[in-house]
Amino acid sequence: MLADSQPWSNHVIDVRDGSTTAWETLPAVTLERPTVAAVASSVDALPYVAAVARSGGELLVVAERRVDDALRTELLSDGFRLVGALDGAPDSGTRAAEDGRIWLLTSGSTGRPKRVAHTLASLTTVKGAQATPRRWLCPYSPGTYAWWQVVTLGLTQPGHDLVVVDPSDLEHWVPLALDHEVTAASGTPTFWRQSVLRDPETLARVPLQQISLGGEPVDQAVIDQLRELFPEARISWIYASSEVGASIVVHDGLAGFPQAWLGRASVDRPLIEVDGDELVITSPHHGRGLDGPVRTGDRVRVEDGRVYITGRLDRDEINVGGSKVSAGHVRDTLQSHPSVVWASVRGRRAPLVGSVVVADVVLRDDTPTAELTGWASERLPEYAVPRRLKVLDTIPTKETLKSDA
């Protein structure tokens, strides 16, 4: 719970109708039972956040479209009350609420979504007073870890307002951000690439002072594109997850993080390690039951004093005739070409060698794929050069703002 001295007067702006309210005037709700707020919009979730901040209770926020029959059955059987867009679902028990417990659902990228237990304190990783007031764009799906990171800024930091745009409305976020004078925005690299591709001239007019990236591997190309458009803004990339919280924050304008951070012990800061090719984190911001080192499942590459997160272990490595290829390294190489907005790399089964490297790309112009192949050939071993390049019209994107490839 938060104290009454918290900045309840901070503004919340709903871009659907342009209305502005404050945390203190949001509709009052109670959390007498373990509650699932299944919401159609991020704004609809905020009264439940205010309730748990003021009075405690047990809460899970989720976009209603994520609640399928299996998840609904699971939540009801565990004693949750479903409210919001799913109000009226049958109640199934009288389990007492675990006071102050906030649940997150993982993305489900490795199967069924899992519940990870947090508190408002463990989700609030920006704790020191911020000198500069910000007006934050909140573009994430409600209830995700990234969503909570932006929402807790608006809930705990004086002068930090929220401009709430749902993922389904993001095609028009730039003019909305101009209208509402957004000065800070957080999004995935895919989100930023799409924004740059659509209308870089209008995007550059948004008065951004803080730009944050996370949720996917961050390469130098996307950082450089944002630096060109916003030379005065602070650009930060963040490694975070439901399991270990916000664990790596980099402000130096470079992809990767300093190798010197590995093994560095510090009070109240995550311990970052590498075991083989896997990133391992021991974090004070972890979910309940995750004490000690957590194997993240993310693959890293150490090169020239930097540590680069290249992708998921189960998808990043491609075996080409016995030679190991990092799909993430090939992806970053393609994205470093000035004409490539986005790339996705994978292995395709092939006789004799087992797999060959193939890639999909989105381009900002009519650059021929032969030029891209030549670019890759100059920078990669022969076996790592994509044997097929397919040009897509748009970047395939999930509701999480991550690339759907």
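Helix α1 (residues 42-55) and helix α4 (residues 145-156) cross at roughly 60° in this predicted model, and their axes come within 12 Å. A second helix pair, α6 with α8, packs at about 50°, and α6 also turns up in the lining of the second largest pocket. Over in the loop between β14 and β15 sits Trp261.

**α1 against α4**

- Angles of 65 to 115 degrees would count as roughly perpendicular and those under 35 as roughly parallel, so with a crossing of roughly 60° α1 and α4 end up oblique to each other.
- As for handedness, α1 and α4 make a right-handed crossing.
- On the α1 side, the contact uses Ser42, Ala45, Leu46, Val49 and Ala53, while α4 brings Trp147, Trp148, Val151 and Leu155.
- Sort those contact residues by type and you get eight nonpolar, one polar and no charged.

**α6 against α8**

- Two packed helices are described by the angle between their axes and the distance between the axes.
- For helix α6 (residues 189-198) and helix α8 (residues 220-229), that's an angle of about 50° with the axes 10 Å apart.
- That angle is why α6 is called oblique to α8.
- The crossing of α6 past α8 is left-handed.
- From α6, the residues in contact are Pro189, Trp192, Arg193 and Val196; they meet Val222, Gln225, Leu226 and Leu229 of α8.
- By type, the contact of α6 with α8 has six nonpolar residues, one polar and one charged.

**The second largest pocket**

- Rolling a probe the size of a water molecule over the atoms shows where empty space is left.
- For the second largest pocket, the volume comes out at about 190 Å³.
- Its lining takes in 13 residues, and the ones nearest the centre of the pocket are Pro167, Leu170, Gln194, Arg198 and Thr397.
- No element gives more to this lining than α6, which supplies four residues.
- The lining is a mixed bag: five nonpolar, four polar and four charged residues.

**Trp261**

- You'll find Trp261 in the loop that runs between β14 (257-258) and β15 (271-275).
- Leaving aside residues up to four places away in sequence, Trp261 touches Ile248, Val249, Val250 and Ile272.
- Take Ile248 from that set: Trp261 and Ile248 are 13 residues apart along the chain, and their C-alpha atoms are separated by 9.5 Å.

Notes. Residues are numbered from 1 along each chain as its sequence is written. This is a predicted model: local features need pLDDT of at least 70, side-chain atom pairs count only at pLDDT 80 or more; totals for chains, interfaces and linings use all residues. Side-chain values use heavy atoms; hydrogens and water are left out. Axes are lines fitted to C-alpha atoms, for helices over the stretch in contact, and angles run from 0 to 180 degrees between N-to-C directions. Helices (H or I, at least four residues) and strands (E, at least two) are DSSP runs, numbered from the N terminus. Angles under 35 degrees count as roughly parallel, over 145 as roughly antiparallel, 65 to 115 as roughly perpendicular and the rest as oblique. A crossing is left-handed if the near helix is turned anticlockwise from the far one by less than a right angle, and right-handed if clockwise. Contact means heavy atoms within 4.5 Å. Ala, Val, Leu, Ile, Met, Phe, Trp, Tyr, Cys and Pro count as nonpolar, Asp, Glu, Lys and Arg as charged, and the others, Gly among them, as polar. On a 1 Å grid over the protein atoms alone, a cavity is a set of points where a 1.4 Å probe fits but cannot get out, and a pocket is an open set with protein on both sides within 12 Å along at least five of seven lines; lining residues have an atom within 4 Å of a point. Grid points are joined across faces, edges and corners, and a volume is the space filled by probe spheres set on the points.
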